[in-house]
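Trainee: Could you walk me through how to read side-chain contacts and empty spaces in a model like this one? I would like the general idea, followed by a case I can find on screen.

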Amino acid sequence: MTGAAIRALPWGWFLRRLALMAVTLWVIITLTFFMMHAVPGGPFVSERMMAPEIAAALDAKWGLSDPLWQQYLNYLRGILRFDLGPSFKYPGVSVNEMIADGLAVTARTGLLAVLCVVAVGVPLGIAAALNRGRWPDTGVMMLATIGVAVPSYVIATVMLYVFALRLGWVPTFGLDDWRGYILPVIALAGFWVSFVARLTRSSLLETLDQDYMTTARAKGLRRRQILIRHGLRNSLIPVVTVLGPVVANLLTGSFVIEQIFALPGIGRHFVLSITNRDYTAIMGITIFYAAFLILMILIVDILYLWLDPRIRAGAKA
Amino acid sequence: MSVPPVPQCGFAPLPRTDTAERIATPTVPYWTDVWRRLRANRPALAGLVFIVVLIFTAIFGPMLSPFSYYEQNLRLSNIPPILRPYTVTGEDGSQERFFLNSGNFALYGITEDGRMTDILRGKADMLNRRTTYDIAGRDVVVDYKSLPVSVSIDDSIALPGGRVWNRTYLFGTDQLGRDVLVRQMYGARISLLVAFVATLVNFFIGVAWGGVAGYAGGAVDTAMMRIVEVIATIPLTLYVILIMVFLDSGLTSIVIAIGTVFWVDMARIVRGQILTLKQSDYVAAARTMGAGPVRIITRHLLPNTIGPILVTLTMLIPSAIFIESFMSFIGLGVTPPLASWGTLTSNAVETMRSYPHQLFFPAAALSLTMFAFNFLGDGLRDALDPRLRK
Amino acid sequence: MTLLSVQGLQSEFRTARGVVKAVRGVDLTVAAGEVLGIVGESGSGKSVTCMSILKLLKRQGHITAGKALFQGRDLLTLSEAQLSDIRGDEIAVIFQDPMSSLNPTLTVGAQVIEVILRHRKVSRAQARARAVELFDLVRIPAAESRVDAYPHEFSGGMRQRAMIAMALACDPKLLIADEPTTALDVTIQRQILTLLKDIQARMGMAMILITHDLGVIAETCDRVCVMYGGLVMEEAPVKALFARPSHPYTRGLLAAVPDLRDGMRQRLSPIPGSPPDMADPPPGCPFAPRCPAAMVHCVAERPPLFIATDTPRLGGGQSARCWLMHPDAPEVSP
Ligand SMILES: Nc1ncnc2c1ncn2[C@@H]1O[C@H](COP(=O)(O)OP(=O)(O)O)[C@@H](O)[C@H]1O
Ligand code: SF4
Ligand SMILES: [Mg+2]
């Protein structure tokens, strides 16, 4: 990019977005901290029943005898150094370690699911729109309706029963070979594939009805040119805007999927921390999720900016 | 062109009366039109009917059931909804029917039409892993030394004949011997209760927030919408989980948690509508006639916003039902012995290997309800879409 | 020489509310270099007629009968691929709303260049140079830099100029301009029309100009078609139409034109009543419900298009679809 082009970008807008995201993250951290603080038997109460080495670790980290605001500042300072503190239940284990431990599995399944959403959802939506009212459309819409309506954990358990227990096609748990990924990824991506397929379809249909599509035809452009250059580019803009939330929601969806398929990911740690009341882990993982989500939204903002010149102009103004 | 012949009387002036009427097409009242379009939409109508039936079942079903959702009877655990009866013919020609519960290897008597009478008492021989019963004067032996369990009548292996629907426990029982049907109906109660209360609370918060922001405008609007923007960025599931951890599981907590997360969309819609409507003439007219802000919002703005609000609400209900069941599924929702579709599903997952049918009912109930609300929401949106109205 | 000849064209839209018979048997001819005006109230089928010629109807639209002979070839029987060679090259279109007719996510220049690249064997750089030249031609200032601007950076008038540039890119033989100025400010309307007329005269191309404005017709066109209810009601050389309007509908339209001596500007359409619902058009003459001269036979049978040789009531080159033209009909003074 040339210097002029870089200067032409809406930096002010971007900085404002960045500030908003920072504020959001701070609100989440603060909310989490004070909520967990208020829980009876929570981690910031000094007269509690917990293993002495945990108490010592917590005290060393945040100073449990310090006043509340001091603890809060200590906690914030820790987060700025990417340090989420020790586990409240497992002596000698830190929340960072828990996240690091599950990250690979969660990232791999999550990434596969995102790929599915883009590589399956978008083409299905396009196929449906281009065949409006005919069988590919009806078929895709039926599938998508099922995917949107049936909760992912129901799909997951039913698939687990049918394909793993009854038919034995795939392992019931674990990721030892590639077949272990199939069911979790389908369960994880099912809703969003359907959602994106529906969104792509309606967006493309709307675009196809636009006047500029008639202009493109009136110019004698070829069908493919009309569809790709004029149709898809415009109709994918709303699809791109939901991709950020999609990635984030895939993560939250992964709690239960990892639980059902017994995958050692972050989500499993999270659900376990909830059942164990491992408050510091709940806090830490929540904040990790939130930070990740916000990062995704920022990335989508940039993508969006690149796709739609009107936003570029609007953002600059 | 050859000029067509026209009878001379055809050139008389046209009497005016009948033609004037042709011009005006009758205007159909808006809601009649919406209802007509909704009715023409099969899935939406089916969804509506399903929801109405579900509501009635949830309210009255448990009253009509002889069972309660909490009473446990371990002797009657894991009874399936479809029975495979064995028939024993006595010396006097009388017939006795029973079925084998493969979960606890016990025999239960059943009548011709599938009603369960009672658990049968036999002599247990723990050493040889067999139980001997005396049924209709014959020796019935259940041998569970090796699986599958075998049943023999007077030393010859017997096989079950046919299938009969369990008339006592229509959906069977769970692992604690509770009637699945009545627990399902309680599950429906919880789901609908959470959905409707949460929707109502969200509606009021959203309308109030969006209404005030849109009406006030200026700095107030900016500040309020910034807050909405921040809240919208927080993942809902995380928020609900935090609240549930904070408030402790239970019905009230889940209602509070769900009741306070979904209002953001509503607030945005209401604000948007109000901003556009604020410019319109009749609001200005109302204001010059001295109507106050509350009156303007409730009497003039909301009635015009009702369409999008209704669609958002209908779409919000399945989200609320989903979140509740999701929370219950991961153990953060309602507490036992209360049953929600989420807990029922999660209980069924534990016993999925032996009793897959227990998974079927909550999963089907939840999925069908989600379908119904989704279809209704889609149909409502199409029916209300002003673009189709010309 | 006849460039385009439309014969018995019928088009309809199959909608959820029934079949909308938008065009019900239209005949038109355009000679090379001629400007044909089409005038009529909104909904009379002007746009659908023109879009049908190039088979550009929207999703539910279907052409059910007729021919559109362009240089002797029937466009309606051509395949989509054959048609696309003609569209934008020999026949170009300008639409009413320049706001929505340009793709918002591509630069204006790119949208001009792509039509050149589609129909001419030139390099991208040559196409770009041509685009700049066209921008100059339609008098977009600072053409060289404006080529890289996005539609939202243009004003309405500038966008319409860009649309015209796009239409002229391949020197079409026929330009269809569908209410090219209706969406623009009054002051800009005149500039755009003058521009169009200038270019048309300079390039010697034929043009179909659809408009609401009889004033524009008077200044710009050689011949006029008056449409109503999906039918051509009257067709005449422009002078004859203004001097001797024969159809009651044409007279109604002319009566609504401001009297220039008063200097008053008035919108078209103060004919009482409203156009017919084309999903359920009245039998016979579509104008009968609003026609001050309607007769009993008017609602019984659709009037044919009378031409000058049929009846003493029409001048040369003039034709009208009205029972009053029948030699046996009573004389009505205008
Ligand atoms: N896409 C469409 N779907 C249904 N009806 C249409 C469509 N486009 C035009 N029509 C109908 O066709 C008739 C003629 O429209 P049109 O040719 O656009 O009129 P105009 O003379 O104003 O250009 C009108 O009655 C209009 O309602
Ligand atoms: S045919 Fe009859 S109704 Fe139609 S314009 Fe002529 S006189 Fe009027
Ligand atoms: Mg038109």
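**Reading contacts and spaces**

Mentor: Gladly! Let us begin with one residue: Glu114(C) has a relative accessibility of 4%, so Glu114(C) counts as buried. Keep in mind throughout that this is a predicted model.

Trainee: Which side chain does Glu114(C) meet in a salt bridge?

Mentor: The general idea is that side chains of opposite charge can pair when their charged atoms come close. Here the partner is Arg229(A), with N to O at 2.6 Å. Because Arg229(A) sits in helix α10 (residues 223-260) of chain A and Glu114(C) in helix α4 (residues 108-119) of chain C, this pair joins two chains. Arg229(A) itself is partly exposed, with a relative accessible area of 30%.

Trainee: How many salt bridges does the structure hold over all chains?

Mentor: There are 24 over all chains. Another of them is formed by Glu34(C) and Arg223(C), whose closest N and O atoms are 2.6 Å apart. This pair links distant parts of the chain, 189 residues apart: Glu34(C) is in the loop between β2 (18-31) and β3 (35-39) of chain C, and Arg223(C) is in strand β9 of chain C.

Trainee: Are Glu34(C) and Arg223(C) buried or exposed?

Mentor: Both residues are buried. For another case, look at Arg139(C) and Asp198(C), a salt bridge with the closest N and O atoms 3.3 Å apart. Arg139(C) belongs to the loop between α5 (124-137) and α6 (143-146) of chain C, and Asp198(C) to helix α8 (residues 186-203) of chain C, so the bridge ties together parts that are 59 residues apart in sequence. Arg139(C) counts as partly exposed at 42% relative accessibility, and Asp198(C) counts as partly exposed at 34%. There is also a network: salt bridges that share partners join Arg17(A), Arg226(B) and Glu229(B).

Trainee: That helps. How should I read aromatic pairs?

Mentor: A pair of aromatic rings is described by the distance of the centres and the angle of the planes. A search of the whole structure finds 21 aromatic pairs over all chains. Take Phe191(A) and Trp192(A): their ring centres are 4.8 Å apart and their planes lie at 85 degrees, so the pair is edge-to-face, the cut-off for that class being over 60 degrees. Phe191(A) is partly exposed at 26% relative accessibility, whereas Trp192(A) is buried at 14%.

Trainee: What is the geometry of the pair Tyr228(C) and Phe287(C)?

Mentor: Those ring centres are 5.3 Å apart with planes at 85 degrees, so this pair is edge-to-face. It links distant parts of the chain, 59 residues apart, with Tyr228(C) in strand β9 (residues 223-228) of chain C and Phe287(C) in the loop between α11 (248-256) and β11 (305-307) of chain C. Tyr228(C) is buried at 1% relative accessibility, and Phe287(C) is buried at 1% as well.

Trainee: What other ring contacts could I look up?

Mentor: Try the cluster in which ring pairs link Phe33(A), Phe34(A), Tyr72(A) and Tyr75(A). In chain B you can find a charge over a ring: Arg189(B) lies over the face of Tyr186(B), 5.0 Å from the ring centre.

Trainee: Now for the empty spaces. How many cavities of 30 Å³ or more does the structure hold?

Mentor: It holds four, and the largest has a volume of about 110 Å³. Its lining includes Asp174(B), Arg183(B), Leu344(B) and Pro362(B). The elements giving two or more residues to that lining are α4 (180-216), α11 (341-350) and α12 (357-384) of chain B. By class, the lining has four nonpolar, four polar and two charged residues.

Trainee: And what about an open pocket?

Mentor: The second largest pocket holds about 950 Å³ of space. Of its 28 lining residues, the closest to the centre are Leu208(A), Arg217(A), Arg223(A), Leu57(C) and Arg59(C). Elements that each supply at least two lining residues include α10 of chain A and β4 (61-70) of chain C. The lining divides into 11 nonpolar, six polar and 11 charged residues.

Technical notes: Residues are numbered from 1 along each chain as its sequence is written. Chains are lettered from A and ligands numbered from 1 in the order in which they are written. This is a predicted model: local features need pLDDT of at least 70, side-chain atom pairs count only at pLDDT 80 or more; totals for chains, interfaces and linings use all residues. Side-chain values use heavy atoms; hydrogens and water are left out. Rings of Phe, Tyr and Trp (its six-membered ring) pair if their centres lie within 6.5 Å; planes under 30 degrees apart count as stacked, over 60 as edge-to-face and the rest as tilted. Buried means under 20% relative accessible area, exposed over 50%, partly exposed in between (1.4 Å probe, protein chains only). Helices (H or I, at least four residues) and strands (E, at least two) are DSSP runs, numbered from the N terminus. A charge sits over a ring if NZ of Lys or CZ of Arg is within 6 Å of the ring centre and within 35 degrees of the ring normal. On a 1 Å grid over the protein atoms alone, a cavity is a set of points where a 1.4 Å probe fits but cannot get out, and a pocket is an open set with protein on both sides within 12 Å along at least five of seven lines; lining residues have an atom within 4 Å of a point. Grid points are joined across faces, edges and corners, and a volume is the space filled by probe spheres set on the points. Ala, Val, Leu, Ile, Met, Phe, Trp, Tyr, Cys and Pro count as nonpolar, Asp, Glu, Lys and Arg as charged, and the others, Gly among them, as polar. A salt bridge is a side-chain nitrogen of Lys or Arg within 4 Å of a carboxyl oxygen of Asp or Glu.
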